[in-house]
Amino acid sequence: MGGVTDLDAARTFMATTARLLERRRFAHLFDDGSPELVLGALAAHRNPDGGFGMVDPDVRTATSQPSALRYSLDVLAELPPSEEARALAMGAFDWLQTVTAADGSVSFVLPTATDGPHAPWFDPGDTSPSLLMTAQLAAAGHRLELDHPWLGPATAYCWGHVAELDPSEAYTFAFVVDLLDVVPDRARADAAIDVLADRVPADGRIVVTEGVEGEELDPLDVAPWPEHAGARLFDDAVLERAVAARAEGQRDDGGWDFTWLRWNEAGTCESRGLVTLNAVKALRAYGRL
């Protein structure tokens, strides 16, 4: 569709393709929609144990899963503070603490995911510590400014692995950088960002080495808004090109697409709704709407 973002086309795409939760989010962020309706749509995914299920398009199980919680916390970060939102978040971290290892880490997926379809990269039999998952959950907790006992040990676990971080582990790299954007120890975080900047490819594109052909992250996946700490990893010209490319990525149907494996038709539609919402959010943050 060229380099000019068509917000009306994106709105139509969301209405025809995205699930209810993302439609409510889009309405709240771009059309003055009710945050209470977003919260209601999200709360429908909450389980009695306090966790969330059926939120990650690639883990299609109703059981509570770390990745479902990560998406849920992203939603809460978009909403104005409220007692209901805080209660959902704190209850979810109470659940998370019950599935966390002694070293503060969380597995990428829990064995309970075997009860439903899931993408091939989610292996319910692998309960090893996941820096990727632990970092993104810790980042979300800090961004919500939660005072929860889970955050301290989890953040310490992530700090223990920052020095060895490399862009070849693309998603882990992006989520650890996101954690560095919000950790309270700003001096330590800034120093870590300076070190990581030397490891990023000059063109800013981070290839997912274990993904499918063409799967990669671009600078806006690492720095979704200009003030994000991840923006310091890229030259201004690289960021400008990434913003232009994101705008040009809008498809004829009004939505954006993703580069990872398409394994499920319903999940493809849900994921496109998510990436379209994130694309429009990033373009607005960078002044392109």
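Glycine 51 is buried, because its relative accessible area is 0%, where buried means under 20% relative accessible area, exposed means over 50% and partly exposed lies in between, with a 1.4 Å probe and protein chains only. This glycine belongs to the loop between helix H3 (35-43) and H4, helices being DSSP runs of H or I with at least four residues, numbered from the N terminus. The structure is a predicted model, in which local features need pLDDT of at least 70 and side-chain atom pairs count only at pLDDT 80 or more, while totals for chains, interfaces and linings use all residues. Residues are numbered from 1 along each chain as its sequence is written, and side-chain values use heavy atoms, with hydrogens and water left out.

Leaving aside neighbours within four places in sequence, glycine 51 is in contact with His45, Arg46, Ser64 and Trp95, contact meaning heavy atoms within 4.5 Å. Glycine 51 and glycine 91 are separated by 40 residues in sequence, and their C-alpha atoms are 7.3 Å apart in space.

Methionine 54 is also placed in the loop between H3 and H4. Methionine 54 counts as partly exposed because its relative accessible area is 39%, and its phi is positive, at about 60 degrees, although the residue is not a glycine. Most residues other than glycine have a negative phi. Glutamate 145, in the loop between helix H6 (131-143) and helix H7 (151-162), likewise has a positive phi, near 55 degrees, without being a glycine. This glutamate is exposed, because its relative accessibility is 68%.

Serine 67 is found in helix H4 (residues 66-77) and counts as buried because its relative accessibility is 5%. Not counting residues up to four places away in sequence, serine 67 touches Asp56, Val59, Phe122 and Met133. With the first of these, aspartate 56, there is a polar contact from side chain to side chain at 3.0 Å; a polar contact is a pair of N or O atoms within 3.5 Å, of which, within protein, one must be able to donate a hydrogen and the other to accept it, and residues adjacent in sequence count only if both atoms are side-chain atoms.

The table lists residues with their places and relative accessible areas.

| Residue | Place | Relative accessible area |
|---|---|---|
| Leucine 96 | helix H5 (residues 83-98) | 0%, buried |
| Arginine 272 | helix H12 (residues 265-285) | 12%, buried |
| Threonine 259 | loop between helix H11 (236-248) and H12 | 35%, partly exposed |

Leucine 96 is in contact with Leu69, Val106, Leu137 and Trp150, leaving aside neighbours within four places in sequence. What does tryptophan 150 touch, not counting residues up to four places away in sequence? The residues touched by tryptophan 150 are Phe93, Leu96, Gln97, Thr100, Gly104, Val106, Thr134, Leu137 and Ala138.

Trp150 and Leu233 touch the most other members of the largest nonpolar core, which has 87 residues; a nonpolar core is a set of buried Ala, Val, Leu, Ile, Met, Phe, Trp, Tyr and Cys residues joined through side-chain atoms within 4.5 Å. The largest share of this core, nine residues, comes from H8. Another core, of five residues, lies apart from it and includes Val59, Val109, Ala119 and Phe122.

Helix H8 (residues 170-182) and helix H9 (residues 186-197) have axes that come within 8 Å and cross at roughly 145 degrees, axes being lines fitted to C-alpha atoms, for helices over the stretch in contact, with angles running from 0 to 180 degrees between N-to-C directions. In this pair, Phe173, Val177, Leu180, Asp181 and Val182 of H8 meet Arg186, Ala189, Ala192, Ile193 and Leu196 of H9. The residues of the contact divide into eight nonpolar, no polar and two charged, where Ala, Val, Leu, Ile, Met, Phe, Trp, Tyr, Cys and Pro count as nonpolar, Asp, Glu, Lys and Arg as charged, and the others, Gly among them, as polar.

The side chain of arginine 272 reaches the backbone oxygen of tryptophan 256 at 2.9 Å. Among the contacts of arginine 272, leaving aside neighbours within four places in sequence, are Phe13, Arg251, Asp253 and Trp256. A polar atom of the side chain of threonine 259 lies 3.4 Å from the backbone nitrogen of glutamate 216, and the C-alpha atoms of these two residues, 43 residues apart along the chain, are separated by 6.8 Å.

Note on methods
Helices (H or I, at least four residues) and strands (E, at least two) are DSSP runs, numbered from the N terminus.
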